[in-house]
Amino acid sequence: MKIGVLALQGAFREHKLMLERCGANVCEVRKAAELEGLDGLVLPGGESTTIGKLMVAFGLLEKIQERYAEGMAIYGTCAGMILLCRDIIGSDQPRLGLFDASVQRNAFGRQRESFEADLFVLELEAGEKPIRAVFIRAPYLEQAGPDVQVLAEVNGKAVIARQGKMLVTSFHPELTTDDRIHRYFLQMITE
C-alpha cells in the first residue's frame, strides 16, 4: 500500500512517521505527478489558505480531484479537513470540495484556546478506549450531507467524519502516540 502525504506546508512529517509506523509505504507529495500510483493521500494540518493557494500554483487541486474519482482514498486533518469540504463558511479560498459538508474555520477559538479532549470512536479498533484528541485552532463540520457518517463530536459539533473513501478529523492524531485513526484510514483503503 502506497500512501502520499501532501508536503507543501504544515504537519506532514508527523503524518509520514505515523503511517510508516503502521506499515505503510509513504512518500511526500509536492507535484501532481507524485499522485500517480497512490492508494491514499493525507492532507495535513497547517494553514488552509496557504495550502490551498499552493495546491493551485502546483496544479494539485484538479489532479487530487481526478485521483479521488479514480478511487484514491483521502484523509484530511484540521486544515486538510477544511480543504476537503464543499463549503468553507465565510471564505472563498481554494478547496477540493469533495466532502459533502460545510466547515467552520477556527471554530473552537484561536491559538490560545487550543485544547485536548478524550473521544470515543466505536469504529476504531479498541473503540471502548478513548482517543486523546489535540485541537489547535480547530474547525468543525457545521452541516453534513446524507452520505456523511459522523464518528465523534465535541460539544455537539462533528470533529471526525467519513464519507466513502474520505476521512476527516478536526484534531491532530499525528501529534499523539495513538495510531488508531491512521490504521482506520489504511483499513478504509483495503475495504
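How many of the 191 residues of this protein chain count as buried? Hello everyone, let's start there. The figure is 53% of the chain, and please keep in mind that we are looking at a predicted model.

Let me begin with the overall picture. The protein chain holds five helices and twelve strands. Its C-alpha trace covers about 40 × 40 × 35 Å along the principal axes. A compact globule of 191 residues would have a radius of gyration near 16 Å, and this chain, at 15 Å, agrees with that. The accessible surface adds up to about 8200 Å², with 47% of that belonging to carbon and sulfur atoms.

What about contacts along the chain? If we take those between residues at least 6 apart in sequence, 65% of them join residues at least 24 apart.

Now to some helices. Helix H5, residues 180–190, is mostly covered, with eight of its eleven residues buried. Those buried residues are Arg180, Ile181, His182, Tyr184, Phe185, Leu186, Met188 and Ile189.

Next comes helix H3, which runs through residues 60–69. Which of its residues are buried? They are Leu60, Leu61, Lys63, Ile64 and Arg67. As a reminder, an α-helix has 3.6 residues a turn, so residues three or four places apart point the same way. The buried residues of H3 pack against several elements: strands S1 (2–6), S2 (25–29), S3 (40–43) and S4 (73–77), together with helix H2 (48–57). Just after H3, you can find glycine 71, which has a positive phi of about 115 degrees.

Let's zoom in on one residue, alanine 79. You will find alanine 79 in helix H4, residues 79–84. Is alanine 79 buried or exposed? It is buried, because its relative accessible area is 1%, and the cut-off for buried is under 20%. Setting aside neighbours within four places in sequence, alanine 79 touches Pro44, Gly45, Gly46, Glu47, Ser48 and Ile51. Asparagine 25, on the other hand, is 54 residues from alanine 79 in sequence, and their C-alpha atoms lie 23 Å apart in space.

Finally, the largest pocket, which contains about 190 Å³ of space. It is lined by 17 residues, and the closest to its centre are Gly46, Glu47, Cys78, Ile136 and Arg137. You may recognise Gly46 and Glu47 from the contacts of alanine 79. By type, the lining splits into seven nonpolar, six polar and four charged residues.

That is the tour, and thank you for listening!

Definitions and conventions: Residues numbered from 1 in each chain as written. Predicted model: local features only at pLDDT ≥ 70, side-chain atom pairs only at ≥ 80, totals over all residues. Heavy atoms only, no water. 1 Å grid on protein atoms, 1.4 Å probe; cavity = no way out; pocket = protein on both sides within 12 Å on 5 of 7 lines; lining within 4 Å. Points joined across faces, edges and corners; volume = space filled by probe spheres on them. Nonpolar A, V, L, I, M, F, W, Y, C, P; charged D, E, K, R; others polar. Helix = DSSP H or I, 4+ residues; strand = E, 2+ residues; numbered from the N terminus. Rg over C-alpha atoms; globule rule 2.2 N^0.38 Å. Buried < 20%, exposed > 50% of the residue type's maximum accessible area, 1.4 Å probe, protein only. Contact = heavy atoms within 4.5 Å. Areas by Shrake-Rupley, 256 points an atom, 1.4 Å probe, with all protein chains shown as cover.
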